[in-house]
Amino acid sequence: MSKKRPVAVALAGALCLVTTACADATGTTGAAAEASATAARPGYPVTLENCGVTQKFTEAPSRVVVMNGASVAEVSTLLALGLGGSVVANQQSYGMSEVEGRAEAIKALPDGGVELNEAYDVPREAMIGLRPDLVLSTTSYGFDEKNGFATREQLKDVGARTYVSPQGCDQDTSKMTIADSYALLRDMGRVFDRSDRAERLIAASEKNIAGVSAKVKGEKRPKVMVLFSNMAMGGNDFSSVVAKGIYNDILAEAGGTNAFASASKTSFADLSKEKVAATDVDALVVIGYNDPNPAAYARKLLKEFPQWPAAKNNTYVALSDSMYLGPSNDLAVAKIAEMLHPDTF
């Protein structure tokens with residue numbers, strides 16, 4: 001997206017040496033001492049296999065850095081689990097949210113005072129200086145050395161675990177579904193010993209979505225255009241049109257279908273104005289990414305394409321974080337279903 005914007009090592013080593021020495025003096029092996037320390041923390045150790053990297057946690061992280069990645073999935077998940085106090089630097093923000101108070105809570109989080117690089121994210125030196133014990137990235141892009149970022153191996157060397165969110169290993173989010181939002185919640189629940197809370201959130205979301213889906217079952221499935229407002233990702237007039245990904249899963253649960261699902265094999269389609277004009281669009285979903293008024297963009301589109309059924313019926317909804325990976329997909333399902341099938345609600 002165009003808007004996308006070794007003191008710790010020495011100390012850790014010293015503590016390790018002290019622990020080993022004390023253990024040997026009492027006749028306890030280093031392994032037994034480690035087991036004893038772990039036993040003092042119920043729920044640990046936790047081991048995750050993440051994009052081919054094994055991550056072991058012996059306690060809940062307390063210095064978390066959340067990279068930008070043009071997402072709010074990770075920071076919203078942490079907030080939903082009540083973990084805002086663990087964040088020492090957050091670079092994610094949509095500027096708005098379907099969840100009351102979330103945008104303000106995100107804004108209130110520390111940003112670490114970091115000078116961002118050209119990719120609008122935390123460069124290698126600044127990342128190391130933040131002394132994180134966990135770094136979250138939406139995709140593996142955030143750990144790519146050629147992009148100026150600290151690699152997962154470099155972060156491991158300074159005692160930081162790393163995590164790439166579901167479907168982000170190969171930077172292809174076209175297969176992402178609502179289940180990946182639940183996987184992110186479960187993983188963070190395990191890492192921070194908040195599994196009970198994570199499961200409650202997942203159960204509530206599943207119940208809400210199932211209820212909406214049951215209401216619209218058997219109804220005609222309108223063709224929906226989903227795109228980001230005032231966003232350029234390619235060379236054509238409409239380069240932020242959604243083709244595949246979690247958006248389509250949300251549409252399906254809400255009783256709709258993506259009008260441009262076949263326009264690209266990747267998550268987004270780069271379309272000409274002529275292609276957009278020639279497609280029947282029954283409804284419009286505009287996603288606001290740091291856009292103060294995505295609804296105004298939606299109304300402008302409807303005026304630009306008066307031949308659309310969506311324009312004739314003024315059928316649109318403006319959303320933000322609930323339409324992407326994160327803990328609030330049920331809100332998007334409900335809002336879209338109410339737009340598409342008003343008589344059933």
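## A walk through the predicted fold

The protein chain carries 13 helices and 12 strands. What you have in front of you is a predicted model, so all the values here are computed from it. The chain has 345 residues, and 46% of them count as buried. Its accessible surface comes to about 15,900 Å², with 52% of that belonging to carbon and sulfur atoms.

### The four-stranded sheet

A good place to start is an open sheet of four strands, which has the order S4-S3-S5-S6 and parallel pairing. Strand S4 (87–90) and strand S6 (161–164) stand at the edges with a single partner strand each, so one side of each has no neighbour in the sheet. From one strand to the next, the twist averages 15 degrees.

Strand S5 (residues 134–137) pairs with S6 in the parallel sense, over four bridges. Within this part of the sheet, Leu-134 stands opposite Arg-161 in S6. Helix H3 (residues 73–80) packs on the sheet, where it touches strand S3 (64–66), S4 and S5. The direction of H3 makes about 135 degrees with that of S3. Helix H7 (residues 178–191) lies across S5 and S6 and runs at about 165 degrees to S6.

### Two nonpolar cores

As a general background, nonpolar side chains tend to be buried together in soluble globular proteins. In this model the largest nonpolar core has 58 residues. Which residues have the most contacts inside that core? They are Leu-78, Met-188, Val-285, Met-323 and Ile-336. Met-188 is worth a closer look: not counting residues up to four places away in sequence, Met-188 touches Thr-77, Leu-78, Leu-81, Leu-136 and Tyr-163. There is also a second, separate core of 20 residues, which includes Leu-227, Phe-238, Leu-271 and Val-276.

### Strand S7 and its partners

Strand S7 (residues 223–228) is mostly covered, with five of its six residues buried. S7 pairs with strand S9 (residues 257–258) in the parallel sense over two bridges, and Lys-223 stands opposite Thr-257 in S9. S7 and S11 also run parallel, joined by five bridges. Here Val-226 stands opposite Val-285 in S11, and Val-285 is one of the residues with the most contacts inside the largest nonpolar core.

### Aromatic pairs

The structure holds eight aromatic pairs, and two of them are set out below.

| Pair | Centre to centre | Angle between planes | Arrangement |
|---|---|---|---|
| Tyr-94 and Tyr-289 | 5.2 Å | 85 degrees | edge-to-face |
| Phe-228 and Phe-268 | 5.9 Å | 55 degrees | tilted |

Where do the two tyrosines Tyr-94 and Tyr-289 lie? Tyr-94 is in the loop between S4 and H4, and Tyr-289 is in the loop between strand S11 (283–287) and helix H11 (294–304), so the pair ties together parts that are 195 residues apart in sequence. Tyr-94 is buried, with a relative accessible area of 2%. Tyr-289 is buried too, with a relative accessible area of 1%.

The phenylalanine pair also links distant parts of the chain: Phe-228 is in strand S7 and Phe-268 in strand S10 (residues 268–271), 40 residues apart. Why is this pair classed as tilted? The planes of the rings of Phe-228 and Phe-268 stand at 55 degrees, and tilted covers the angles that are neither under 30 degrees, which count as stacked, nor over 60, which count as edge-to-face. Phe-228 counts as buried at 1% relative accessibility. Phe-228 and Phe-268 also belong to one aromatic cluster together with Tyr-247 and Tyr-324.

### Two individual residues

Ala-103 is found in helix H4 (residues 102–108). Leaving aside neighbours within four places in sequence, Ala-103 is in contact with Gly-95, Met-96 and Ser-97. Ala-103 and Val-72 are 31 residues apart in sequence, and their C-alpha atoms are 9.8 Å apart in space.

His-341 is found in the segment after helix H13 (329–340). Is His-341 buried or exposed? Its relative accessibility is 6%, so His-341 counts as buried, since the cut-off for buried is under 20%. Leaving aside neighbours within four places in sequence, His-341 is in contact with Val-216, Glu-219, Lys-220, Pro-222, Ala-254 and Gly-255.

How values were computed:
Residues numbered from 1 in each chain as written. Predicted model: local features only at pLDDT ≥ 70, side-chain atom pairs only at ≥ 80, totals over all residues. Heavy atoms only, no water. Contact = heavy atoms within 4.5 Å. Buried < 20%, exposed > 50% of the residue type's maximum accessible area, 1.4 Å probe, protein only. Areas by Shrake-Rupley, 256 points an atom, 1.4 Å probe, with all protein chains shown as cover. Pairing = 2+ DSSP bridges. Axes fitted to C-alpha atoms, helices over the stretch in contact; angles between N-to-C directions. Core = buried A, V, L, I, M, F, W, Y, C linked by side-chain atoms within 4.5 Å. Phe/Tyr/Trp six-rings, centres within 6.5 Å; stacked < 30°, edge-to-face > 60°.
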